[in-house]
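Colleague: I've got a model open and would like a close look at a single part of it. Could you walk me through one helix and what surrounds it?

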Amino acid sequence: MAVAKLGAVVLDCPDPSALAAFYAEVLGGTVEGEGDWVDLKVPGGQALAFQAAEGFVPPRWPSAEHSQQFHLDLTAEDLDAAEEKVLALGAKPLDADDRSRTFRVYADPAGHPFCLCAC
């Protein structure tokens, strides 16, 4: 039997409202709260939370010295269409040149790596 269940995945960032808005555009859902803690309630999915972190330094990908710690895999039916939208929302490509793969790596506006996956 499980000891607990996952309540939310929390991302540290400099501006919780802005990052929640980015992911709301990517995943859908409802943004709740403001200030130092903002929640994104994703329909039928796990909640994401965004917490203000003073002195936040984004991870670097790939880098053994500045580990990413974790990343989000976001499933998309059409990688090209999804890429166009996330780039328009402020994402930056990290490893998206190889179009033969089933995933592409980006950074959100705060610098957290995430993958768009057709898996």
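Modeller: Let's take helix 2 and work outwards from there.

First, a word on trust: this is a predicted model. The chain's mean pLDDT is 89, and 96% of its residues reach 70 or more. Among the elements, strand 2 (residues 30-32) has the highest mean pLDDT, 97, while strand 5 (residues 72-75) has the lowest, 88.

Now find residues 79-88, which make up helix 2. Just at its start, aspartate 78 acts as a cap on the N-terminal end: one of its side-chain oxygens sits 3.0 Å from the backbone nitrogen of aspartate 80. Past the other end, glycine 90 takes a positive phi of about 115 degrees.

Which residues of helix 2 are buried? They are Leu79, Ala82, Glu83 and Val86. These four share one side of helix 2, because the arc they cover around the axis is only 100 degrees. If that spacing looks odd in the numbering, remember that an α-helix has 3.6 residues a turn, so residues three or four places apart point the same way. Turn helix 2 round and, on the face away from the buried side, you'll meet the exposed residues Glu84, Lys85 and Ala88.

So what's covering the buried residues? The cover includes helix 1, strand 7 (103-107) and strand 8 (113-117). Let's visit helix 1, residues 16-27. With twelve residues at 1.5 Å each, helix 1 should span 16 Å, and its end C-alpha atoms are indeed 16 Å apart. Its buried residues are Pro16, Leu19, Ala20, Phe22, Tyr23 and Ala24. Just after helix 1 comes glycine 28, with a positive phi of about 80 degrees.

Both helices feed into the largest nonpolar core, which has 24 residues; Tyr23, Phe50, Phe114 and Leu116 touch the most other members. Helix 1, helix 2 and strand 8 are among the elements that each supply at least two residues of this core. Helix 1 gives the largest share, five residues.

A nice residue to click on is phenylalanine 114. Leaving out residues up to four places away in sequence, its contacts include Val86 as well as Phe22 and Tyr23. That ties helix 2 and helix 1 to one side chain's list of neighbours: Val86 is a buried residue of helix 2, and Phe22 and Tyr23 are buried in helix 1.

Finally, look at the loop between strand 7 and strand 8, where histidine 112 lies. Histidine 112 is buried, with a relative accessible area of 7%. Its side chain reaches the backbone oxygen of aspartate 12 at 2.7 Å, and among its other contacts are Leu19 and Tyr106.

Key: Residues numbered from 1 in each chain as written. Heavy atoms only, no water. pLDDT = per-residue confidence, 0-100. Expected span 1.5 Å × (residues − 1). Buried < 20%, exposed > 50% of the residue type's maximum accessible area, 1.4 Å probe, protein only. Arc of directions from axis to C-beta. Contact = heavy atoms within 4.5 Å. Polar contact = N/O pair within 3.5 Å; in protein donor to acceptor, adjacent residues only side chain to side chain. Core = buried A, V, L, I, M, F, W, Y, C linked by side-chain atoms within 4.5 Å.
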